[in-house]
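Trainee: I'd like to look closely at just one part of this protein, please. Could you walk me through the metal site and the space around it?

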Amino acid sequence: MLHGNRSLRLNRAERKAMRAACSFNAQLMDHVRPFIKEGVTTAEIDRVVHQYTLDYGHVPAPLGYQGFPKSCCTSVNNVICHGIPDSYKLKSGDIINVDVTSIVDGWHGDQSETFLIGRVSDSARELTQCAFDCMHASIDALQPGCSVVVIGEVIVEIATQRGFSVVHEYVGHGLGRRFHQDPSVPHYPTRQARQHRIFPGTCFTIEPMINAGTRYTVLDRQDGWTVRTRDNKPSAQFEHTILMTEDGPEILTTTRDGPQPGHQF
Ligand code: MF3
Ligand code: CO
Ligand code: CO
């Protein structure tokens, strides 16, 4: 049976609150953007995220979330997601995903981008382009009441065609008052996704992680967070928070200065 959880459908006031949270989060992304360059440490990026969020009276959602120690995730090269900011200094040729999430008046906005540092290889650039195109093509495929599975179908089609793979273990998610809630939004087709529909009022993320080589992942046993590719080849990711409306999908985390749909890296 096709269904969508009614309790997750936001009313007008709740949608307004989500728009405000996501719009602040996008503003935060634009604020940190110029700091993400060669020679900067990932801890410095985290400090900028943390301070800006506090300056506006909001809360960095990652800090203390299930014990996460920092205010954003910084995932470099072979790190797929949940990289912990540290003393690592960005160097030319790196690709880095910076994932920021804010809590604004109790509501969450969540987004990430992959940044190219200095001169990067053609293959890393193509990988980053693929993650970006997968995210936007899957957003474009959404219609009110559509099945969640369309997202995974579109993403696997594009990634496979370009010779890349799609991570299974980490998925997009519903969000609102909670950071992670239903629906689960896998970036590959599943039976469960086939059965869930995205009705107007549903808020969720799409955040495909695309790998240059194998799709398989390894969780760091020391820190319990950092997720790497099993073959240590690079991985790229983009994330937006999306609200399904009666008229179709609305991207809530659009930035002023970041890559817009159709962007070529
Ligand atoms: N922002 C990530 C996501 O897109 C989640 C990070 S959880 C943290 O869902 F604890 F690592 F911050
Ligand atoms: Co997310
Ligand atoms: Co995120």
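To begin, are histidine 173 and glutamate 239 buried or exposed?

Mentor: Good place to start! Histidine 173 is buried, and glutamate 239 is buried too; buried means under 20% relative accessible area, exposed over 50%, and partly exposed in between (1.4 Å probe, protein chains only). Bear in mind that this is a predicted model, where local features need pLDDT of at least 70 and side-chain atom pairs count only at pLDDT 80 or more, while totals for chains, interfaces and linings use all residues. Residues are numbered from 1 along each chain, chains are lettered from A and ligands numbered from 1 in the order written, and side-chain values use heavy atoms, without hydrogens and water.

Now find the cobalt ion (ligand 2). Its protein donors are Asp110 (OD), His173 (NE2), Glu207 (OE) and Glu239 (OE), at 2.0 to 2.2 Å from the ion. Donors are N, O and S atoms within 2.8 Å of the metal (3.2 Å for Na, K and Ca), and water is not among the atoms, so sites may look incomplete. Reading along the chain, the donors of this cobalt ion have the spacing D-x62-H-x33-E-x31-E.

What about the geometry? The site of the cobalt ion (ligand 2) has six donor atoms, with angles of 52 to 160 degrees among them, and is irregular. Six donors would count as octahedral if opposite ones were over 155 degrees apart and all others between 65 and 115.

There is a second metal to look for. Aspartate 110 bridges the cobalt ion (ligand 2) and the cobalt ion (ligand 3), and these two ions lie 3.3 Å apart. Histidine 173 sits in strand β8 (residues 172–174) and glutamate 239 in the loop between β15 and β16 (240–245), so this pair ties together parts that are 66 residues apart in sequence. Strands are DSSP runs of E with at least two residues, numbered from the N terminus.

Next, look at the largest pocket, which holds about 430 Å³ of space. A pocket is an open set of points on a 1 Å grid, with protein on both sides within 12 Å along at least five of seven lines, and lining residues have an atom within 4 Å of a point. Of its 23 lining residues, the closest to the centre are His82, Asp99, Phe179, His180 and Glu207. You have already met Glu207 as a donor of the cobalt ion (ligand 2). The elements giving two or more residues to this lining are β2 (73–76) and β4 (95–104), and the largest share, three residues, comes from β4.

Notes: 1 Å grid on protein atoms, 1.4 Å probe; cavity = no way out; pocket = protein on both sides within 12 Å on 5 of 7 lines; lining within 4 Å. Points joined across faces, edges and corners; volume = space filled by probe spheres on them. Helix = DSSP H or I, 4+ residues; strand = E, 2+ residues; numbered from the N terminus. Tetrahedral: all angles 85-135°; square planar, octahedral: opposite > 155°, others 65-115°.
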